[in-house]
Amino acid sequence: MDFKTILISLFLFVTLTTNSQNPKTQSLKIGIGAGFSESENSMGMGTMYSIGYQRNIWKDRLRFNPNLSLGFYESILLIDSHNQYFNSINLNANLNYDLIRIKRFSVVVYAGIEAGVNQGLVGSGGYYDYSGYSGYGNGYGSSYTQNSYYVHDYHLGGNFGGGFRFITKNKKTAFNILPLNFRVGYAEFFEAHLKLEVDIKI
């Protein structure tokens with residue numbers, strides 16, 4: 001069984017075994033974001049998507065949110081970088097808390113743990129070689145000879161962030177605008193995103 005299968009199986013287990021006696025305290029959380037992802041052998045910019053389960057566990061202010069996210073990245077806007085196309089797959093278990101709440105508006109913060117993998121293709125490009133240049137016009141730079149290869153960077157770490165939460169009048173839907181979203185883990189893993197989430201009560 002590969003690492004991706006383990007992540008998906010764990011996510012389904014957490015979701016399906018969570019107590020579901022009171023439907024009013026549960027919601028489906030869907031998110032979309034844009035940002036940056038980096039690991040030991042990959043670096044790129046792109047978009048990410050997330051889907052998960054959310055359950056209120058204290059006074060409708062503290063919520064538990066296991067979720068699965070998938071990002072698509074490439075080496076656009078990055079100088080001296082290999083051509084890269086990779087995915088970032090992460091299983092997250094977060095706690096969301098309304099730090100300040102005024103009626104249907106709140107300032108929300110969150111933190112949690114995660115496990116995941118960055119996997120994809122790294123190609124040629126970047127890291128220009130100027131060793132043949134003398135400064136008098138009799139030498140030219142040349143790029144290193146590079147071969148394409150696949151990367152699989154596994155990581156464990158944590159994530160945290162914050163932003164603003166708006167609940168609709170019928171209280172069945174909430175929108176989260178999260179300008180601060182960070183993920184940090186071993187194997188030089190780091191991600192930062194701007195993100196929009198929608199919570200739909202189920």
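# Strands, patches and salt bridges

Mentor: Let us start with Asp60, which counts as partly exposed because its relative accessibility is 31%. Keep in mind that this is a predicted model.

Trainee: Where is Asp60 found?

Mentor: Place it by its neighbouring elements. Asp60 does not sit in a strand here but in a loop. That loop runs between β2 and β3.

Trainee: What is the phi of Asp60 near?

Mentor: Start from the general rule. Most residues other than glycine have a negative phi. Asp60 is a residue other than glycine, yet its phi is positive. The value is near 60°.

Trainee: What is the phi of Lys59, about?

Mentor: Lys59 lies in the loop between β2 and β3. It is not a glycine, although its phi is positive. The value for Lys59 is about 50°.

Trainee: Is Lys59 buried or exposed?

Mentor: Use the cut-off: exposed means over 50% relative accessible area. Lys59 has 65%, so the residue is exposed.

Trainee: Now the whole chain. How many helices and strands does the secondary structure come to?

Mentor: Read the order of elements from the N terminus. The chain opens with α, and β elements follow. The secondary structure comes to one helix and ten strands.

Trainee: What share of the residues is buried?

Mentor: Buried means under 20% relative accessible area. The protein chain has 202 residues. The buried share of them is 39%.

Trainee: How many bridges pair strand β1 with strand β2?

Mentor: β1 covers residues 26–39 and β2 covers residues 42–58. A hairpin of two residues joins β1 to β2. The strands pair in the antiparallel sense. Their bridges number 14.

Trainee: Which residue in β2 stands opposite Gly31?

Mentor: Follow the pairing of β1 and β2, which is antiparallel. Opposite Gly31 stands Ser50.

Trainee: In β10, which residue is the bridge partner of Gly35?

Mentor: β1 is also joined to strand β10, residues 189–201. Twelve bridges link these antiparallel strands. In β10, the partner of Gly35 is His193.

Trainee: On to charges. How many salt bridges does the count come to?

Mentor: The general idea is simple. Side chains of opposite charge can pair when their charged atoms come close. Here the cut-off is a side-chain nitrogen of Lys or Arg within 4 Å of a carboxyl oxygen of Asp or Glu. The count comes to nine.

Trainee: How far apart are the closest N and O atoms of Asp98 and Arg63?

Mentor: Asp98 forms a salt bridge with Arg63. Asp98 lies in strand β4 and Arg63 in strand β3, so the pair ties together parts that are 35 residues apart in sequence. Both residues are buried. Their closest N and O atoms are apart by 2.8 Å.

Trainee: How far apart are the closest N and O atoms of Arg165 and Asp199?

Mentor: Arg165 and Asp199 form a salt bridge. Because Arg165 lies in strand β8 and Asp199 in strand β10, the pair ties together parts that are 34 residues apart in sequence. Arg165 is buried at 7% relative accessible area, and Asp199 is buried at 3%. The closest N and O atoms are apart by 2.5 Å.

Trainee: Which residues are linked with Arg165 and Asp199 in a network of salt bridges?

Mentor: Arg165 pairs with Asp199. Both belong to a network of salt bridges. The network also links Lys29, Lys195 and Glu197.

Trainee: Which residue forms a salt bridge with Arg183?

Mentor: Both partners are buried. Their closest N and O atoms are 3.0 Å apart. The partner of Arg183 is Glu191.

Trainee: What accessible area does the nonpolar patch have together?

Mentor: This patch lies on the surface, with Ile32, Tyr49 and Leu196 among its residues. β3, β8 and β9 each supply at least two of them. Together, the patch residues have about 780 Å².

Trainee: Which strand is the place of Ile177?

Mentor: Ile177 belongs to the nonpolar patch. It is partly exposed, because its relative accessible area is 42%. Its place is in strand β9.

Trainee: Which residues gather with Arg104 in a patch of positive charge?

Mentor: Arg104 is in the loop between β4 and β5. It counts as partly exposed because its relative accessibility is 37%. On the surface, Arg104 gathers with Lys103, Lys169, Lys171 and Lys201.

Methods:
Residues are numbered from 1 along each chain as its sequence is written. This is a predicted model: local features need pLDDT of at least 70, side-chain atom pairs count only at pLDDT 80 or more; totals for chains, interfaces and linings use all residues. Side-chain values use heavy atoms; hydrogens and water are left out. Patches are made of residues with over 30% relative accessible area and no salt bridge: like charges are joined within 9 Å, nonpolar side chains (Val, Leu, Ile, Met, Phe, Trp, Tyr) within 5 Å. Accessible areas come from the Shrake-Rupley method with a 1.4 Å probe; for residues, only the protein chains shown count as cover. Lys and Arg count as positive and Asp and Glu as negative; His and the chain ends are not counted. The place of a charge is taken as NZ of Lys, CZ of Arg, CG of Asp or CD of Glu. Helices (H or I, at least four residues) and strands (E, at least two) are DSSP runs, numbered from the N terminus. Buried means under 20% relative accessible area, exposed over 50%, partly exposed in between (1.4 Å probe, protein chains only). Two strands pair if DSSP finds at least two bridges between them.
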